[in-house]
Each structure stands twice: as C-alpha cells, then as structure tokens.
Amino acid sequence: MTEMISYIFLQHYWWVIISLLASLLVFLMFVQGGQSMIFSLPAGESQKTMIVNTLGRKWEFTFTTLVTFGGAFFASFPLFYATSFGGAYWVWIAILFSFIIQAVAFEYRSKPSNVLGKKTFDIFLYINGAAGPFLIGTAVATFFTGSYFSLNYMNQVDWATPFHGLEALLDGRNLALGLAVLFLAKTNGILYIINSVEDGDLLVRSRRKLIFNSIAFLAFFLIFLVSILLSKGFAVAENGDIVLEKFKYLHNLLQMPVVLILLLAGVCSVLWGLFTSIFRGKRDSIWYTGAGTIAVVFSLFLTAGFNNTAFYPSLFDLKSSLTLSKAASSKFTLTTMMYVSFIIPFVVAYIWYAWKSINNKKITRDEMMEDGHIY
Amino acid sequence: MIGNIDLSLVDWSRAQFALTAMYHWLFVPLTLGLSFIIAIMETIYVKTGNEEWKRMTRFWMTLFGINFAIGVATGIILEFEFGTNWSSYSWFVGDIFGAPLAIEGILAFFLESTFVAVMFFGWNKVSKKFHLASTWLVAVGANLSALWILVANAWMQNPVGMVFNPETARNEMVNFWAVLFNPVAVDKFLHTIFSGFLLASVFVVGVSSWFIIKKREEWLSKRSILIASVFGLLSSLMVAFTGDTSARTIAQVQPVKFAAMEALYTGSKDAGLVAVGVLKKSDEKLITDKAVNNFVMKIRIPGLLSVMTGGSRDVFVPGIKDLIHYGDTTRNILSIPEMMERGRFAREVLDDYKRARMLNDNEQADIIRNDYFRTRSFLEENFRYFGYAFLNSPEDAIPNVAVAFYSFHLMVMLGFFFILLFILAIFMLFRGTLQKNKWFLWLALLSIPLVYICSEAGWVTAEMGRQPWIIQDMMPVSVAVSQLSPGSVITTFILFAVLFTALLAAEVSIMIRQIKSGPKH
C-alpha cells in the first residue's frame, strides 16, 4: 500500500491535517476571546467568576491543540519549523510567553497565598486573551504576505531583519488578519458564554458586546481577504522557481472550487450564527459560528499551500520560499505519521463525549458557591 | 556548515533550554506518579463507597491540579524552543525527531487534557465509574506523553533508524520501530517514569508525615503513607533495576559519558565502582586545556564497574584517556582523533557534493552520491562521526567530568536512601509505631526537597554528561543553534527566568497553603 501512495499526496495530506489543526485552534481560541473581556464584560465579581470558570474548563483543549499543531508541523514540515521559529524568533516567543501565563492563571487566580494576587493572574488571562489570537493571526498572515529570510545550501535560516519577525507588524494586511482573529475569538467567546452560562444579566451584557465585536471581525476579515485576493501571490513555476503572480490567491480559489465553496459556506455559517444570536436571541449560535470558523480557516490554509503555491514565502530571497515539497519530511516519515493520524477520529470522538458530559448543565451562580474545583 | 559561531550565543541558548527543562522537570514527575496514586485511592473509594477515601482522593487531586498547570505551561516552551533556539538541529533531524512530538500530541496530550477536565469538574456531572475511568486515563495519558518525549530524547543520545540524505542535508527516518525500541529509549522511559512514581511517593509520604506530626488527619495520612510507600518501594526497585541496564547501554553507546560519570580517566579490567568520592582538579592536562580531576578520597567497590558493564570482572572498562588515545577495540570504539578524521572526511565529501550541486555539475554530484552516500561503508564508517568534524581538539569531546560525576553519584545515593525510607515506613506502619517515631516523620518530610534534587540530578547527568553533543557523534550543540543575536537570547533567558521563578514561588506558596488547610470535609 505504501508504494501506491505518492509523496506528493502525502505532502498534501499532511497540509490538510495541519490546516485542520489550525482551524480547530482558531475556533478553540474562543477561550482567549472570552479572557480578553474579563474586565469589560462582567458586571461584578460573581459574573467574572462564572465567565472564568466557563472558559477555564476548556483552556486545556486550546492549549493541547496548539501543542499538537506545533508538533505536527515539526513532524511533517520541519523546514518550516526550523525557518519560522528560528527566524521569526520574537513573534513566536511572544506567543509562547502569552500561553505560559495563561495555563497557571486559571488554576492559581482564586487560590489563597498565590503570591502575585488575583488581579495579576486576571491580567495574565487578559494578556493571553488579547495577545495570543492577535499574534497568531499576524503570524499566519505572513503565509500570504511573506517574510524576510534566506536559506543557505544546508537549509539553515538567516533572518534578514534584526527584528526577527516583529517587522510583520508593519504590514497592514498582517495587522488586519491579526485583528480579525482577535475579534473572531472575542465573538466566539461571547457566543460560548451565552451558550454555557445561566445568568440573565450576563446574557444581556454579552449580547450587547456581541454586536460591536462581530462587526469589527467582519470588517477586518474583509479587509484582509480582499487585500490578499487582489495582491500578488507566490506561485511555483513549472521549473520549480518561485515567481510573483498577480491575483494568485484569487486564482487558487477559482481553480479549486471545492475550497471556494468551503470558504463561502464558512462565511455564511458565521453570518448565520451571528444573525440567529443577535436577531433571534438563540443561545446555541456558537456551533454555527464555530463550524464556520473551522471552514473558513481551513480553506484559507488550503489556499495558502495548495495549487503550486509557496506557503511560507520569502520577500528577501524568493527562491528560499517554502513550498510543501521543499519543506516536507521524507516519504517514510509522512507515511508513518499518516498511519498515526488515522487515530484522530477516535480522539475527536472521546473529546466530544467528554465535552458533552461536562457541559450537560449550564454554569450557574449556585455552582460557583459549591465546594468544587473552582477557578 | 556554519561560518562563525558565537560561543556566547551557544552558551546562552543552552542556558535557556536548561532553565526551561529544569523548571519543567520540577513539576512533571509529580504529575506522573501522583496521577497513579490518586487513581488507586479513587478505585478504593469506588470499591468501598467509603467517603473518607473520596476526601483523600480529592485532597491529593487538588495538589495534583496546582502542579499540573505549571507543568503544562513550562512544557510548551520546551517543544517550541527546539525551533526557536535550535533551528539548524530542527532541520537536520526534524524528519525523525518531530514524529514522536506529534504523536505525543495526538495520542497522549489530548487524552490527558480531555479527561483531566472530567477528573476535576465531573464529580457531580458523570457517574462514579466514568469519573474513575477518567482519573486512570489521565494517569495513562500523562505517562504516555512521557514515553514519546523520552523516545525523542533517547534518539538524541543514540541516533538509530535513519539515513543521511545529502540532497536535503538532513537525516531521514527509515525504521520507525528502531526509533521506538531504541535500547536507550526503553531504559530511559522506564527509568524516568519509575523515578516520577518514586518522587510522587516521597511527596505523599512526606506530606502525610507532616499531618501526623501535627496530629491531624491520622486515618487519612496513614493510608496515604501505606499506598505511597508500597507504590514507592516497587517503583524505586524498578528505578534501580533500570538504572543498572541503563548504565550498561550507556557504556556501549556513550562511553565518554560513562567514564565521566565515574571520573574514570585510566581504564582497566576489574574496574571498581566509586561509591563515594571527592574530586579535585590537578595540574595534569588531558591534552592542552582540560584539567584532569583526581580523587581526594574515594570508597571503591572492587570489580563492580566491570561486572556492571560487561557481566564479568575480566571486562575492560575504558577511561577518558583511553578513549582519547586508543578507543576500545573490544567494543569497536574508535579513538577520538580517529573519529575526528573520519568525520572531517565525511564533511569534505558533503561539501564536495553541495558544491557540485551549486555549480549544476549534476554528473559529479551523482558520482559522489553513488560512491559515498549510497554506500553502507561510508555511512557507517564515516558519516556516523560527522559531528566530530566540528571539534577543534579531542578534548572538546569530553564533558564536564565533575558535574557528571557528582550529579550521578548524588542521584544514586539518594535513590538508595529512598528505598530505605519506604521500607522503614512500611515496617513502622505494620508495627504500629509510626506516630511514635517523630525522627522518621521529620526525615520523611525533609526528604521532599531531597527527592527533587535527586530527580534533577538524574537529568543533569544525562544531559551534561553527553556534551558537546546535541545528537551523539553527529551534531555538536555549537552547530545546532539558531542564528540569533546573543542579546535576544539573553533577554528571553531573563524573561523566562523571572517568570518561571515567580510562578514557582506562587506554586509552592499555594501548595503549602493547601496542605496546611488539609482535606476538606
């Protein structure tokens, strides 16, 4: 069987897995989105406790997805791992920093004798909530807009700016996607809280916040999408050279109609979720916006990597740009990893079962007063 | 391979990784062991229906949760630091090394993180049996994640199951099972998880002893001590057994490290094992730079080192000087200068190949590939020593002997002390004299910091002892580092050091407060 599977197929298969993990990560960042509002959304301490506990029961999923995303990227496209992480040092360090302080903040914030004080841990949650999605969005935008690096003959990276990745913040398109991901996380965070918490006043406050955040998300997302569809993209020519091609990403969507349909379906699903929550008062809209988020991010990743496109382009040295074939692991490793990936549906199934078991009752003020594991 | 290497960059990058790893390892072993101890306690609760067992389970679970969060936080840094600080390494071996990390995420982390939520929040939401299954799955998940990261680490100590591809300039995996069942991986996994069980057992015995000293929670404390002591004794015996098999493997695959652990400079047959010793730098130099460490005093067990490594007192154990000058012909170990020569030849061949490719001289490149990189003799006799090409002197292949010696001996001595501690605890429990022996209760309490020192010392031995290699014989740390400014790495080192220290202070403070509060009624 192994001989029948082509190397090209495996590279694409693993890009699909990476795209899927990325899209799940962006959806699960509703935890971060919620965290970024812990000072502005609740009316008092008890509402804040409910919000933190609602989100806190899911933080590990986001965290684990991020770790698995990193591990899977390392295993399947190690040259990206080496190039981006070793080159865009400061961006990744900032992302990591924001995630270290998140993990402990939930567990320690309400514990007595926590040294730093509850307020500090709440600030940690806020920093992770705001910086995490924004920086990840900005970093992912460079898949379309490019970075400044070159690779030598041994494939060792040399970053061409002393800012090691922070220069990405100077490109408006990167900022637009960073802000879009941030406001999407906030929007999904609000919708998750609406779905999970039983508190009349908090529901009213959440819906009020939802309108602004969803408009902001849509605006920044449109700016990013339109700008990349109209700008030049990084195409792989027949001789293997990387060339700039006008409307490359628009061409990708038109030449891959399934991806285009997925993108449009995702956008529609997000809009439907927002519509049902804002205008019909539905509580379960998170599932529509969540599914839409996954579809949109998934299709954007496919647009960045499929159809002879350099998924991690270099503005400094075009020929150093990373393509799926250049960055991929060997056929043997990709095949081995493919067998491992067959277990993913089983993993998803038990996550879903455990999630349902914990979420079968909405969180109430009374539960926060009980003698349980409270954040 | 790399032009100018800034040593301060290498040193700071190593310091940052060591800082992260050592902080991470303060929290992981407790998670590994305490998860099983909690699962055993909850099983008894479900079997007996006695609410006291539930109270006990929840108490230790609270401490588990405090420790778990910070372990997760420091763990993510380690994974990404391979990319951020060791990017050349990430490419050179990413084809092999990345796979265990990915499998760890898919198979283990999700298991752990999914069911840890049920474990903490599911008491009143799921059935007793589902909750119990979740607790066991957290324990399995935590230990399964240890398996994969240790497989990855073992591969760095003993690279197997791969072949070098000159086209991509990296090593590529050709045998997954060889990587998974690498003898170093098997030893390392068993030794490490059992040492985690040991640490958690000492923690539980120590904390429970404090309750007895304070005349609180006697029923709960005695049962906690009983479970932890039995679990700990079995684990510590396994630690000793796997330590022994580990030493035999290291003697073969990392002979310099093995000699450094024993501060053995001149080898011999009937070599003795140093049980206790004090080293002092002498005026004698290995070649030009590194001083030889002589023993000021030592207690030696005759012949044991030969027996440990080869099963007989007649076995020759090479010392550092032997390895530098002669190698060990009985085990096909070459002298370091010989390995340097072979490594340099491999490097020249690779440079020729790359030069031919750059000049589009594909005919020449194909000849080099077919004559060298596709021949077993070149790969086994030359390329496996590729890393030696980057050493300036044979002395560069010698780790810090004093650090390797002291950390190893500290670990072993403390390991035997804990075996005694568990035996005494069980003995006193069955004799009913535990409360009367205050000295033992205090000793058990004071053993908590000792077990952390022991655990860290084990990793210091493993990682400092293998210097200068990031991948044994194939890549020194100086070649693996990301090309960053030292200032960047110094800045992040300070940031991480401050943050980790603050979080550790918070963790310890919360932990002490929770212990003082005791189990809730």
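**A hairpin, three domains and a chain-chain contact**

In chain B, strand β4 (residues 273-285) and strand β5 (residues 291-301) pair in the antiparallel sense over 9 bridges. Strands here are DSSP runs of E with at least two residues, helices are runs of H or I with at least four, and both are numbered from the N terminus; two strands count as paired if DSSP finds at least two bridges between them. One of the bridges joins Val274(B) to Arg300(B) in β5(B). With 5 residues between them, β4(B) and β5(B) make a hairpin.

All of this comes from a predicted model, in which local features need pLDDT of at least 70, side-chain atom pairs count only at pLDDT 80 or more, and totals for chains, interfaces and linings use all residues. Residues are numbered from 1 along each chain as its sequence is written, while chains are lettered from A and ligands numbered from 1 in the order in which they are written. The model scores ipTM 0.89 and pTM 0.90. As for pLDDT (the predictor's confidence in each residue, from 0 to 100), chain B averages 92, and 99% of its residues score at least 70.

Zooming out, chain B holds 17 helices and 8 strands. Its C-alpha trace spans about 80 × 50 × 40 Å along the principal axes. Of its 521 residues, 53% are buried, meaning that 20 or more other C-beta atoms, placed from the backbone, lie within 10 Å of the residue's own.

An automatic or database assignment splits chain B into domain 1 (7-258 + 396-514), domain 2 (261-330) and domain 3 (336-395). The C-alpha centres of domains 1 and 2 of chain B sit 30 Å apart. Where these two meet, 17 residues of domain 1 are in contact with 14 of domain 2, contact being C-beta atoms, placed from the backbone, within 7 Å. On the domain 1 side, α7 (218-253), α8 (255-261) and α14 (401-431) of chain B each bring at least two residues, and α14(B) gives the most, with 6. By class, that side has 11 nonpolar residues (Ala, Val, Leu, Ile, Met, Phe, Trp, Tyr, Cys and Pro), 3 charged (Asp, Glu, Lys and Arg) and 3 polar (the others, Gly among them).

Then there is the meeting of the two chains: 62 residues of chain A are in contact with 65 of chain B. Elements of chain A that each supply at least two residues to this side include α4 (59-76), α6 (89-108) and β2 (157-159). The chain A side has 37 nonpolar, 18 polar and 7 charged residues.

How values were computed: Buried ≥ 20, exposed ≤ 12 C-beta atoms within 10 Å, placed from the backbone.
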